[in-house]
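This report looks at one protein model through its cross-links, its aromatic pairs, its helices and one of its pockets. Please keep the sequence and the structure in view while reading.

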Amino acid sequence: EVIQPDTILQFAKLIISSVSRVASLQECMDKAERIGLLDRLDKSVEPGAFRCATVTRSEVNELRRVTRVVRQGHVTSVRGSVVQLEQGSLEVEVGTVFIDCTADGLARRESVPIFEPRKIVLQSVSICQQVFSASAIGKIECMDVEESVKNELVKPVPHPDRPIDFLDAVAVTIRNGDELVKRGLGGWLRGNRLFYGSHPGLLKMLWNFPLLLRVRKARADVEQLSAQLGRGMVAKL
C-alpha cells in the first residue's frame, strides 16, 4: 500500500532506511521486512528469489491460507498421476489441473551500453521502473552529446533475480538519479509524471528535504556493502 502517489515518499524512505547502516545482506533483508518494505508468505522460510513483486497486505493474507506447499524445487514434468520435481516427486489424482505460473516476464540479462551509434538498447535505469526508464532514455537521447557521455549519465539496472541483486539495483538507481540532477535534469524529473518524485507537492518535498540528504549517504552505505560482498556493480559498469 506504500506504492501510491500520495505515499510514494514513505516508500522512498523505506528503501533508504533498508540499505542504511547495515553490515550484511541478511541484515538488510531483515530490516526491509521489519519496516514493512518487504514481506514473505512463510516467516520460517528464507526466500531465495527477489523480483520486485508487488502485493497488498490483504492479498498476502489470502495467499497464506494456502497450507499445502511443496518445496522440492521446480516441476520438471507432469505425467499421469506423478509430478516430477527437481528434488522429488508428488502423487496427485489423475485429471488434476495444473496452472503454469513460472514464466519469467522480466528475465535478468547481462548489461550492455544503452547508447550506441544508430542504436539504443532499452534497459531499466531505475529499480523495477521500466516505463520511467524508457522516458529517461528518450530524454537523454535528445541531448546533443556523444554516446559516451550519455552512457556515463545513466547505467543499466538489471532486473533483480535474487536478494543480493536488490543492493545492486538500489545503488545504481541512486547513482543514476544523482547524475541526472547534476546534469541539470532535476526540473525535468519533477515534471515527469512517470517519476515517483513528481507526485508529492512542493511543500511536501521541502518538508522531506532531510530525506534527500540521506540519499547520498545511503548510496555510500550500499556501495560499501556491495563491494564487501564481492559485487562492486557500480564500478564494473
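Is Phe195 buried or exposed, judged by its relative accessible area? The model is a predicted one, and in it Phe195 has a relative accessible area of 16%, which means that this residue is buried.

**Aromatic pairs**

Within this model, the count of aromatic pairs comes to 2. In one of them, the ring centres of Phe50 and Phe166 lie 5.4 Å apart while the ring planes stand at 80°, so the pair is edge-to-face. Because Phe50 belongs to the loop between helix H2 (25–34) and helix H3 (57–63), whereas Phe166 belongs to helix H6 (residues 163–182), this pair ties together parts that are 116 residues apart in sequence. Both Phe50 and Phe166 are buried.

The pair of Phe132 and Phe195 has its ring centres 5.4 Å apart and its planes at 40°, so it is tilted. Here too distant parts of the chain are linked, since Phe132 sits in helix H4 and Phe195 in the loop between helix H7 (186–191) and helix H8 (202–207), at a separation of 63 residues. With 7% relative accessibility, Phe132 counts as buried, and Phe195, as stated above, is buried as well.

| Pair | Distance between ring centres | Angle between planes | Class |
|---|---|---|---|
| Phe50 and Phe166 | 5.4 Å | 80° | edge-to-face |
| Phe132 and Phe195 | 5.4 Å | 40° | tilted |

**The disulfide and other cysteines**

How many disulfides does the structure hold? The structure holds 1 disulfide, and this bond joins Cys52 to Cys128 with an S to S distance of 1.7 Å. The link of Cys52 and Cys128 is right-handed, with 75° about the S-S bond. It connects distant parts of the chain, Cys52 being placed in the loop between H2 and H3 and Cys128 in the loop between E5 and H4, 76 residues apart. The loop between H2 and H3 that holds Cys52 also contains Phe50 of the edge-to-face pair. The backbone at Cys128 carries a further feature, namely a positive phi of about 60° in a residue that is not a glycine.

Two further cysteines can be described by their accessibility. Cys28, at 0% relative accessibility, counts as buried, whereas Cys142, at 67%, counts as exposed.

**Helices H6 and H2**

Helix H6, which contributes Phe166 to the edge-to-face pair, has 20 residues that should span 28 Å at 1.5 Å a residue, and its end C-alpha atoms are 30 Å apart, which agrees. Of the 20 residues of H6, 16 are buried, so this helix is largely enclosed by the rest of the structure. Just after H6 comes Gly184, which takes a positive phi of about 90°.

In helix H2 the buried residues are Leu25, Cys28, Met29, Lys31, Ala32 and Glu33. An α-helix has 3.6 residues a turn, so residues three or four places apart point the same way. Following H2 is Gly36, whose phi is also positive, near 95°.

**A pocket and its surroundings**

The second largest pocket has a volume of about 350 Å³, and of the 16 residues that line it, Ala107, Arg109, Leu122, Gln123 and Ser124 are the closest to its centre. By character, the lining of the second largest pocket divides into 8 nonpolar, 6 polar and 2 charged residues.

Where does Leu122 lie in the chain? Leu122 is found in the loop between E5 and H4, the loop that also holds Cys128. With a relative accessible area of 63%, Leu122 is exposed. Its C-alpha atom is 9.7 Å from that of Gly138, a residue 16 positions away in sequence.

**Exposed loop residues**

Arg118, located in the loop between strand E4 (115–116) and strand E5 (119–120), has a phi near 60°, a positive value in a residue other than glycine. At 88% relative accessibility, Arg118 counts as exposed.

Thr67 is placed in the loop between H3 and strand E1 (75–79) and, at 72% relative accessibility, counts as exposed. The C-alpha atoms of Thr67 and Asp42 are separated by 10.0 Å, while the two residues stand 25 residues apart along the chain.

Note on methods. Residues are numbered from 1 along each chain as its sequence is written. This is a predicted model: local features need pLDDT of at least 70, side-chain atom pairs count only at pLDDT 80 or more; totals for chains, interfaces and linings use all residues. Side-chain values use heavy atoms; hydrogens and water are left out. Helices (H or I, at least four residues) and strands (E, at least two) are DSSP runs, numbered from the N terminus. Buried means under 20% relative accessible area, exposed over 50%, partly exposed in between (1.4 Å probe, protein chains only). Rings of Phe, Tyr and Trp (its six-membered ring) pair if their centres lie within 6.5 Å; planes under 30 degrees apart count as stacked, over 60 as edge-to-face and the rest as tilted. On a 1 Å grid over the protein atoms alone, a cavity is a set of points where a 1.4 Å probe fits but cannot get out, and a pocket is an open set with protein on both sides within 12 Å along at least five of seven lines; lining residues have an atom within 4 Å of a point. Grid points are joined across faces, edges and corners, and a volume is the space filled by probe spheres set on the points. Ala, Val, Leu, Ile, Met, Phe, Trp, Tyr, Cys and Pro count as nonpolar, Asp, Glu, Lys and Arg as charged, and the others, Gly among them, as polar. A disulfide is a pair of cysteine sulfur atoms within 2.5 Å. The expected span of a helix is 1.5 Å times one less than its number of residues.
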